[in-house]
2 protein chains.
Amino acid sequence: MPDDNFQLNQFLPYLLNQAAEASSLEFQQIYKDRYGMLRTEWRVLFHLGLYGRMTASEIGARANMHKTKISRAVQKLTERRFVTRARDDADRRVEHLALTAQGQAAYDDLHQVAQRYDWDLTADLNEAERAALKKMLVKLSGKRPAGFT
Amino acid sequence: MPDDNFQLNQFLPYLLNQAAEASSLEFQQIYKDRYGMLRTEWRVLFHLGLYGRMTASEIGARANMHKTKISRAVQKLTERRFVTRARDDADRRVEHLALTAQGQAAYDDLHQVAQRYDWDLTADLNEAERAALKKMLVKLSGKRPAGFT
DNA sequence: GCTTGTTAGTTACAAAAACAACTATTACAA
DNA sequence: TTGTAATAGTTGTTTTTGTAACTAACAAGC
């Protein structure tokens with residue numbers, strides 16, 4: 001049953017927000033300072049870097065990002081020559097997005113930073129704990145509590 | 001050492017954000033629908049409900065919220081008669097904030113919902129896991145990874 | 001062929017957040 | 001005192017986000 005002396009830092013959505021904000025801060029600073037990117041732009045960059053050529057919709061589906069966010073992020077990224085767009089021959093509504101050499105370089109750099117950063121964040125956890133934490137978070141990411149629609 | 005095949009859903013800040021967003025969605029809908037509140041307003045309400053009379057700065061310190069956010073949240077909450085402000089006699093810069101009866105009622109209601117909601121979110125964890133998760137999140141909330149300043 | 005509906009992506013406008021500059025009050029030191 | 005710095009909170013302006021309406025291209029039924 002629910003805990004009777006409820007506190008704000010026992011409320012998962014609140015806790016997750018706090019942890020997310022705190023843990024993003026320094027990383028955010030890095031991609032902002034080095035490449036002038038916003039969170040949306042960083043995310044698009046990483047999706048292209050990790051999964052290769054994709055369309056905006058595919059990124060949206062994977063990242064749970066609204067298409068307008070992606071549209072604007074892609075616009076900025078193409079303006080700054082990190083990303084190229086190519087119309088699909090068969091279906092001309094579709095655009096295939098891919099990293100330029102410059103985009104790839106930025107991705108490689110930030111990828112390294114992220115990896116190291118992630119490691120440092122969880123430095124005091126052992127392998128099992130780290131894995132357990134991430135697994136729970138993945139589960140929570142896809143979940144809606146029952147009975148609250 | 002850092003994991004070599006890095007994926008986006010192994011990057012903690014990203015994961016935390018996804019989990020936070022997903023897990024907040026339905027709850028957000030509730031306080032928005034029932035009381036027309038924003039996240040900032042909900043947070044102020046909960047701080048007052050949980051810890052009693054406080055000043056804006058105290059809330060800011062606890063919640064890691066910028067003072068302008070709080071100022072505007074308090075303004076809305078007083079307009080809607082959820083909160084009252086009272087100048088401090090000794091130091092007239094300071095305002096003491098407190099819930100009205102109506103504010104208390106809203107808090108009581110949402111508090112119940114939150115408790116239940118939180119429980120449902122973690123329904124498939126046992127007590128130990130639930131506690132471990134929250135403990136890790138609290139730790140992450142206060143933490144900045146070393147070497148990234 | 002022509003409707004009607006759907007999908008990919010963009011654009012325009014409104015809501016919210018971030019950031020900087022401001023007022024009012026207190027503290028404190030010369 | 002009085003001048004300088006600090007603190008509590010507000011206001012104004014710029015960015016970013018959210019939402020809805022839009023264009024263009026395709027699909028399917030008739």
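1. Start with B:Arg93 and DNA strand C. In this predicted model, an N or O atom in the side chain of B:Arg93 sits 3.2 Å from a base oxygen of DNA strand C. B:Arg72 also reaches a base of this strand: a side-chain N or O atom is 3.4 Å from a base nitrogen.

2. Chain A has a base contact on DNA strand C too. The partner is A:Lys67, with a polar side-chain atom 2.8 Å from a base oxygen. Check these base contacts by eye, residue by residue.

3. How many residues lie around DNA strand C, and which come nearest? There are 20, and the nearest are A:Ser57, A:Ser71, A:Arg85, A:Arg93 and B:Lys69. Of the strand C atoms that come within 4 Å of the protein, 65% belong to sugar and phosphate.

4. Which elements build the surface near DNA strand C? From chain A, α3 (56-63) and α4 each give at least two residues, and so does α4 of chain B. The largest share is five residues, supplied by α4(A). By class, the surface near strand C holds 10 charged, six polar and four nonpolar residues.

5. Now DNA strand D. It is surrounded by 21 residues. The closest are A:Lys69, A:Arg72, B:Ser57, B:Ser71 and B:Arg85. Sugar and phosphate make up 55% of the strand D atoms that come within 4 Å of the protein.

6. Two phosphate contacts on DNA strand D deserve a look. B:Ser57 places a side-chain N or O atom 2.4 Å from a phosphate oxygen. B:Ser57 is also listed among the closest residues to strand D. A:Arg92 uses its backbone instead: a polar backbone atom is 2.8 Å from a phosphate oxygen.

7. What does B:Lys67 contact on DNA strand D? The partner is a base oxygen, 2.8 Å from a polar side-chain atom of B:Lys67. On DNA strand C, A:Lys67 has a polar side-chain atom 2.8 Å from a base oxygen.

8. Both chains feed the surface near DNA strand D. Chain A contributes through α4 (67-79), and chain B through α3 (56-63) and α4 (67-79), each with at least two residues. Here α4(B) has the largest share, five residues. The classes are 10 charged, seven polar and four nonpolar.

9. Read the two surfaces side by side. Near DNA strand C, α4(A) gives the largest share; near DNA strand D, α4(B) does. Charged residues number 10 near strand C and 10 near strand D.

Definitions and conventions:
Residues numbered from 1 in each chain as written. Chains lettered and ligands numbered in written order. Predicted model: local features only at pLDDT ≥ 70, side-chain atom pairs only at ≥ 80, totals over all residues. Heavy atoms only, no water. Near = heavy atom within 4 Å. Polar contact = N/O pair within 3.5 Å; in protein donor to acceptor, adjacent residues only side chain to side chain. Helix = DSSP H or I, 4+ residues; strand = E, 2+ residues; numbered from the N terminus. Nonpolar A, V, L, I, M, F, W, Y, C, P; charged D, E, K, R; others polar.
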